[in-house]
Amino acid sequence: MFDFDEIIDRRNTNAMTTDGFRDYIFHGGPDMTFPYKDEEFIRMWVADMDFATPDVIIDAMRQRLDKRIFGYTALYTDEYYQSFSGWCRARYDWGFPREQLFTASGIVQALNELTELITNPEESVLILTPSYKPFKGAADRARRGCVCSDLINDGGRFSIDWDDLEAKAADERTTLLIFCNPHNPTGRVWTQEELERLAAVIRRHNLWVISDEIHCDLLRQDKRHTPLGKVMPDYEQLVTCMAPSKTFNTAGLLMSNIIIRSPALRRVWQRQHHTSENPLSIAAAQAGYERAVPGWRPFAPIWMRTSASPGNAWPGSCPGPYSPPRRPPIWPGWI
């Protein structure tokens, strides 16, 4: 059984959450002071966890360390594909061929590259808002327009404004939808019916889609993730992004899975994307997908069920309004 109550001191490890927040949040130097001690802050500014990475992943990294050489590395065998695709089949009943799988150091990096590769300068990117900030950032970096379709907030439960989405998708300048599944920051796990309705909008307007599914493994026990690619099995203009980073708390290892269906886009990606991986990242991710389930994955939602309920999410002494979802379905709470 994994110990989710263990307290691990992350100070003096160059962790962004403990050692880098002065620069990351306040753009200040190491001498910046606050009315509180650093250890008194409740650190809610970085989307990683204070749980230990599963032992099977740490052991796999130790085994790779024993090889003693860490030269230039990439995925040349099918072992990693078999591990990750097996995870997807077991958890989501969804698969993809080997030639569609690529890697990047992070999904944000991939978003930036893909937005520029998929769209032309006069075109626009469509996002559902509120949104993870780098979605708009990808459009801004590529000097593309950004069109926002606001979600409807019904007492803390967010849903898609279908009329608004349809109207904005119909604009001929809108060619790319960056979609978040499950949604960050609202915590929505989209239903099969919602995904099918979204798929119909995408097909009607021939949109490209990048589906960021990084939080797909951090669901409550009564929820199951449905990849957009499962709902649209034959749609080529779809890129799915997943990663072990949120699932196994390995964000610092900088490895993400980018599943590109379009043969033409794959050729452009291979030509322009620098493909090289950290050998420890490969060992860690592969071990997680192969062996972390018994020690980690089934128990995280149990801990989340008790600690992420609205009653536990917001201390009564804190000022300001807070309207949490009635049952937050994924781990990140939006405050």
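**Reading strands, a helix and a patch**

Student: Let's start with a bridge. Which residue in β8 is the partner of Ser211?

Tutor: Thr240 is the bridge partner of Ser211. Keep in mind that we're looking at a predicted model.

Student: Okay, and in which sense do β7 and β8 pair?

Tutor: Parallel: β7 (residues 208-212) and β8 are joined over 4 bridges. On to the next pairing: β8 and β9 (residues 256-260) run antiparallel, also with 4 bridges. In that pairing, Cys241 stands opposite Ile258 of β9.

Student: Is β8 mostly covered or mostly open?

Tutor: Mostly covered, with 5 of its 5 residues, 238-242, buried. Look at the two faces: Leu238, Thr240 and Met242 lie on one side, Val239 and Cys241 on the other, and all of them are buried.

Student: Now helices. How do I read which way the side chains point?

Tutor: An α-helix has 3.6 residues a turn, so residues three or four places apart point the same way. Now take α11 (residues 279-291): its 13 residues should span 18 Å at 1.5 Å a residue, and the end C-alpha atoms are indeed 18 Å apart.

Student: What do the buried residues of α11 pack against?

Tutor: They pack against α2, α3, α9 and β9. Of the 13 residues in α11, 11 are buried, among them Pro279, Leu280 and Tyr289.

Student: And at the surface, which residues make the nonpolar patch of about 360 Å²?

Tutor: Met16, Tyr24, Ile25 and Phe26. Tyr24 sits in helix α1 (residues 21-26). Its relative accessible area is 40%, so Tyr24 counts as partly exposed, a class that lies between the 20% and 50% cut-offs.

Notes: Residues numbered from 1 in each chain as written. Predicted model: local features only at pLDDT ≥ 70, side-chain atom pairs only at ≥ 80, totals over all residues. Heavy atoms only, no water. Buried < 20%, exposed > 50% of the residue type's maximum accessible area, 1.4 Å probe, protein only. Pairing = 2+ DSSP bridges. Patch = residues over 30% accessible without salt bridge, like charges linked within 9 Å, V, L, I, M, F, W, Y side chains within 5 Å. Areas by Shrake-Rupley, 256 points an atom, 1.4 Å probe, with all protein chains shown as cover. Salt bridge = Lys/Arg side-chain N within 4 Å of Asp/Glu carboxyl O. Expected span 1.5 Å × (residues − 1). Contact = heavy atoms within 4.5 Å.
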